[in-house]
Amino acid sequence: MSRPLIITDCDEVLLHMIVPYRDWLAEQHGIAFDLGRGDFAQSMTHVGTGDQIAPDGVWRYLNMFFDDEMHRQFPIAGAVDAMKALAEHADVVVLTNLLDHRQPTRTRQLRDHGLDLRVFTNQGPKGPALKAILDEYRPSRAVFIDDLAQHHDSAASLVPELHRLHLCGEPLLAPHIACAHSAGHAHARIDDWASALPWLLDSLHTEKTRQNAPGETA
């Protein structure tokens, strides 16, 4: 019989991204990044003038960060130990929305933080990629972890049998993002690994319905 499977996002689930990105923009480019604006494309302004960065500039800076600055990222509290604990009960893979050529870099980055995991890259909604991963692994049970509500929506539509945990480990960002649990697309919303790990371990062995969980922030 096949093992259970954990499919987890990386940025803001395993590794901090927004805060290192914000700090790099300020230090190297004189750009302020406002975590509270909600819309990523409108979150960046020039320090001093307050002029907003144009959409093409937003993507240019983001690509620059992932090309040269991923070493600035560091683990979410409890994430590495949680992944290691889950690996004792299930296969664990990463599904990250990066361009495909960055797959080796992300793999090395995670390995440097003690996580030797298979990495799948993706662009756009994650539902189709999740279905492909499930078709390959054919797990006895599977759980998906992501910080963005739209990916849980996509997963719920295409692979409804997948257990879904909405987790955003960045406390500066978590209050500003839509909640997939409140929308009915995730089984729980838990934003810290100390509370998430017991829920996940239980999910590997118990049927889940849309319910509250310890530490939930729905």
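Here are some exercises with worked solutions on the predicted model shown above.

**Exercise 1. Describe helix H1 and what its buried residues pack against.**

Start with the length. H1 has 12 residues and spans 16 Å from its first C-alpha to its last, close to the 16 Å expected at 1.5 Å a residue.

Next, look for the residues hidden from the probe. Ile18, Val19, Pro20, Tyr21, Trp24 and Leu25 are buried in H1.

Now see what lies against them. The buried residues of H1 pack against strand S2 (31–33), strand S3 (44–46) and H2.

Finally, step just past the end of the helix: Gly30, right after H1, has a positive phi of about 60 degrees.

**Exercise 2. Classify the ring pair formed by Trp24 and Tyr61, and work out which parts of the chain it ties together.**

Begin with the geometry. A pair of aromatic rings is described by the distance of the centres and the angle of the planes. For Trp24 and Tyr61 these are 6.5 Å centre to centre and 70 degrees between the planes. Planes over 60 degrees apart count as edge-to-face, so this pair is edge-to-face.

Then place the two residues. Trp24 belongs to helix H1 (residues 18–29) and Tyr61 to helix H2 (residues 55–68), so the pair links parts that are 37 residues apart in sequence.

Check the surroundings too. Trp24 is buried, at a relative accessible area of 3%, and Tyr61 is buried as well, at 10%. Tyr61 has a further partner: the charged end of Arg60 sits over its ring, 4.7 Å from the centre.

**Exercise 3. Extend the picture from that pair to the aromatic cluster.**

Take Phe65 and Phe66 as the next pair. Their rings are edge-to-face, 5.5 Å centre to centre with 80 degrees between the planes. Phe65 is buried with a relative accessible area of 0%, and Phe66 is buried with 8%.

Now collect the members: Tyr21, Trp24, Phe33, Tyr61, Phe65 and Phe66 form one aromatic cluster. For the model, the count of aromatic pairs comes to six.

**Exercise 4. Trace strand S7 and its pairing with S6 and S8.**

First consider the side chains. In a regular strand the side chains alternate between the two faces of the sheet. In S7, His163 and Leu165 point one way while Arg164 and His166 point the other way, and all are buried.

Turn to S6. It runs parallel to S7, and four bridges join the two; Phe144 stands opposite Arg164 in S7. The connection from S6 to S7 passes through helix H6 (residues 149–158), giving a right-handed β-α-β crossover.

Then turn to S8. S7 and S8 also pair in the parallel sense, over two bridges, with His166 opposite Arg189 in S8.

To finish, find the cover on helix H7 (residues 193–203). Its buried residues are Trp193, Ser195, Ala196, Leu197, Trp199, Leu200 and Ser203. What covers them includes helix H3 (79–87), strand S6 (142–146), strand S7 (163–166) and strand S8 (188–189).

**Exercise 5. Compare the settings of Glu12 and Arg138: buried or exposed?**

Check the backbone of each residue. Glu12 has a positive phi near 70 degrees, and Arg138 has a positive phi of about 45 degrees although it is not a glycine.

Locate them next. Glu12 lies in the loop between strand S1 (5–8) and H1; Arg138 lies in the loop between helix H5 (127–137) and S6.

Last comes accessibility. Glu12 is buried, with a relative accessible area of 2%, whereas Arg138 is exposed, with 61%.

Note on methods: Residues numbered from 1 in each chain as written. Heavy atoms only, no water. Buried < 20%, exposed > 50% of the residue type's maximum accessible area, 1.4 Å probe, protein only. Contact = heavy atoms within 4.5 Å. Pairing = 2+ DSSP bridges. Right-handed = clockwise from strand over helix to strand, strands pointing away. Phe/Tyr/Trp six-rings, centres within 6.5 Å; stacked < 30°, edge-to-face > 60°. Lys NZ or Arg CZ within 6 Å of the ring centre and 35° of its normal. Expected span 1.5 Å × (residues − 1).
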